[in-house]
Amino acid sequence: MPSKILVTGGLGYIGSHTCVELIQQGFEIIIVDDLSNSSKNVLDGIKKITGISPKFVKLDLRDRKEVNLLFQYHPDLTGIIHFAAYKAVGESVKQPLEYYENNISSLIYLLQAIESKGQRCSFIFSSSCTVYGQADQLPITEQDPVKKAESPYGNTKQIGEEILYDNTRSNDLLKVISLRYFNPIGAHSSIEIGELSKGKPQNLVPFITQTAAGIHQKINVFGGDYPTDDGTCVRDYIHVVDLAKAHVVGLKRMIADEQSENFEVFNLGTGKGNSVLEVIKTFEKISGISLNHEIVDRRSGDIVEAYADTSKANEILGWQAINNLEMALKTAWEWEKKIRNK
Ligand code: NAD
Ligand code: WQD
C-alpha cells in the first residue's frame, strides 16, 4: 500500500510542484485547498504531467470541524505537507489579523486533529529564510539566530516553527521537518504548472516575466546603493522543482524513522547569491528581450543579502539543487508566455 499524504495548499505554486514529485515517487495524495490563491485547473496540469488525477477536497483549514471530518474520513494518513498559508509580506503588514488567523489557526487545527488520532504522523512545514532577517554572516546556516520578524507574515513562520517544536516535545508520535525556503522561482519543465500571481506581483521574477510580456512598462529596481558588488540586493533563487523534490526526501526520512531529533530544520537554497541586476541580465540573455528597468528608492524592510549554506540538507538529506538560474528563468518565461497565450 502506498503511503497516503495530505497536501494542504496543494494547488498553490510550490504545493502543485510537490504533488507532481510525490505522485511520481508512488505516494497517494489528497490535496486540500480553499482556492483562495489558486485554481482548480491546476489539477489538470498535475494530471497531464503524472497521468494521475489526485483526490481534491475544497476546504478552508480555518474550519476546525471540517478539518476533523477530513481526518475521520482519512484515518490512514501517514504524513502531511502543510503549504496552505497566506504569503504576501506587504499585505500582512496591512492585515495582520488575517495572517495570524489563517497561518496559525490552520496549523493548530491540523495538529489537534493529528493528536486526537493518536497515531504516528510525519509533518513537513513550509518555513522561510525570512526567519533569519538580515543574518550576521553569509552564507546562512540553520544555526544562525532567528531574528525579530520584520512582518506579521514572517512572524507566522517563526511562531509556526515554535508551535511545531513544542508539539514534538509533548507528542512523541509527531515527527516534523521544517524547510526554510530561500527564493523559489520558475515552473515545471513541462510548462503545465507554474506560479499564478493574483494582482500585481510583489516578487522579482513574476514582475520580470510580466514586464517582458508587456503587462508592465518597466521594472523598478529597489535600491542601487547597497553594499553589494553592483549595489543591488542579493538573493538565493532556487528552481521550484528542486525545492519540491526536497519535500519528498524529507518525508521519506521521517517515514523511515531516520531523524536524529523529532523536530529538524533545513535550509533549501542553491547556496549561490545573485543580485537583482544579475537576474535581469540573465533573463535578457535567455529570452532575447531587453527589459526596461530603472533604479529607484530602496523598498522598506528589504534585507541586503541572503543566501543559504545548504551543507546540512546536502549531507543529511542527500539533496541538492541541480537547476541553475538560467534554467529556472527559462521555465518562468515559458510559463508566462503560455498563460498569456503568446
Ligand atoms: P501559494 O499561495 O501559491 O499556495 C498556498 C495555497 O494555500 C494556495 O493554493 C491557497 O489557495 C491555499 N490556502 C491558503 N489558505 C488556506 C486555507 N485556510 N485553507 C486551505 N487552503 C488555503 O503559495 P506558495 O508560494 O506555494 O507557498 C507555499 C508555502 O510556502 C506557504 O506556506 C508560504 O508561506 C511558504 N513560502 C513561500 C515562499 C515563496 O516565495 N513562494 C517562500 C518561503 C515560504
Ligand atoms: C527579491 C529582490 C527586491 C521586485 C520575499 C518574501 C520572503 C520570502 C521570499 C516567503 C529584492 C527586488 C523585487 C521588484 C525589485 N517569501 N525587487 N523590484 O524580498 O527576497 O522575499 O520572498 O516566505 O518572506 O519577503 O523576494 O522577490 O520580493 O525580491 O527590485 O519589482 O528583488 O528589492 O531585493 P524577497 P522578492
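# Cavities, salt bridges and cores in a predicted model

The second largest cavity of this structure is lined by His82, Phe83, Ala84, Ala85, Asn103, Phe125, Ser126, Thr156 and Lys157. The structure is a predicted model, and a search through the whole of it finds 3 cavities of 30 Å³ or more. The points below begin with these spaces, then turn to charged pairs, to the nonpolar cores and to two single residues.

**Cavities**

- Rolling a probe the size of a water molecule over the atoms shows where empty space is left.
- The second largest cavity holds about 50 Å³ of space, and its lining divides into 4 nonpolar residues, 4 polar residues and 1 charged residue.
- Two elements, β5 (121-128) and α6 (152-170), each supply at least two residues of the lining of this second largest cavity.
- The largest cavity contains about 120 Å³ of space, and among the 13 residues that line it, Glu195, Pro206, Thr209, Trp335 and Glu336 lie nearest its centre.
- The elements that give two or more residues to the lining of the largest cavity are the helices α7 (204-212) and α11 (325-339).
- By character, the residues lining the largest cavity divide into 6 nonpolar, 4 polar and 3 charged.

**Salt bridges**

- Side chains of opposite charge can pair when their charged atoms come close, and the structure holds 19 salt bridges.
- Glu195, one of the residues nearest the centre of the largest cavity, forms a salt bridge with Lys87, and the closest N and O atoms of this pair are 3.8 Å apart.
- Glu195 lies in the loop between β7 (183-185) and α7, while Lys87 lies in the loop between β4 (77-82) and α4 (89-94), so the pair ties together parts that are 108 residues apart in sequence.
- Within this pair, Glu195 counts as buried because its relative accessible area is 16%, whereas Lys87, at 43% relative accessibility, counts as partly exposed.
- Glu336, which is also among the residues nearest the centre of the largest cavity, forms a salt bridge with Arg340, the closest N and O atoms being 2.5 Å apart.
- Glu336 is buried, with a relative accessible area of 4%, while its partner Arg340 is partly exposed at 34% relative accessibility.
- Lys337 forms a salt bridge with Glu334, with 3.3 Å between the closest N and O atoms; these two residues are 3 residues apart in helix α11, so about one helical turn separates them.
- Both members of this pair count as partly exposed, Lys337 with a relative accessible area of 25% and Glu334 with a relative accessibility of 36%.
- Salt bridges also link Lys48, Glu192 and Lys338 in a network.

**Nonpolar cores**

- The largest nonpolar core has 37 residues, and those with the most contacts inside it are Leu22, Ile29, Ile46, Leu251, Leu268 and Trp319.
- The elements that give two or more residues to this core are β1 (4-8), α1 (13-24), β2 (28-33), α2 (42-50), β6 (174-181), α8 (240-255), β11 (263-268) and α10 (311-317).
- Of these elements, α8 gives the largest share of the core, with 7 residues.
- When residues up to four places away in sequence are not counted, Trp319 touches Ile238, Asp242, Lys245, Ala246, Asn267, Leu268, Gly269, Ala313 and Asn314.
- A second, separate core has 26 residues, including Phe71, Ile80, Tyr109 and Leu111.

**Two residues in helices**

- Glu161 is found in helix α6, a helix that also supplies at least two residues of the lining of the second largest cavity.
- Although glutamate is a charged residue, Glu161 is buried, with a relative accessible area of 7%.
- Leaving out residues up to four places away in sequence, Glu161 touches Phe125, Ser127, Ser178, Arg180 and Phe263, and of these Phe125 also belongs to the lining of the second largest cavity.
- Glu161 and Phe263 are 102 residues apart in sequence, and their C-alpha atoms are 9.1 Å apart in space.
- Thr282 lies in helix α9, which covers residues 276-287, and with a relative accessibility of 13% Thr282 counts as buried.
- Apart from its neighbours within four places in sequence, Thr282 is in contact with Leu325, Glu326 and Leu329.

Technical notes. Residues numbered from 1 in each chain as written. Chains lettered and ligands numbered in written order. Predicted model: local features only at pLDDT ≥ 70, side-chain atom pairs only at ≥ 80, totals over all residues. Heavy atoms only, no water. 1 Å grid on protein atoms, 1.4 Å probe; cavity = no way out; pocket = protein on both sides within 12 Å on 5 of 7 lines; lining within 4 Å. Points joined across faces, edges and corners; volume = space filled by probe spheres on them. Helix = DSSP H or I, 4+ residues; strand = E, 2+ residues; numbered from the N terminus. Salt bridge = Lys/Arg side-chain N within 4 Å of Asp/Glu carboxyl O. Buried < 20%, exposed > 50% of the residue type's maximum accessible area, 1.4 Å probe, protein only. Core = buried A, V, L, I, M, F, W, Y, C linked by side-chain atoms within 4.5 Å. Contact = heavy atoms within 4.5 Å.
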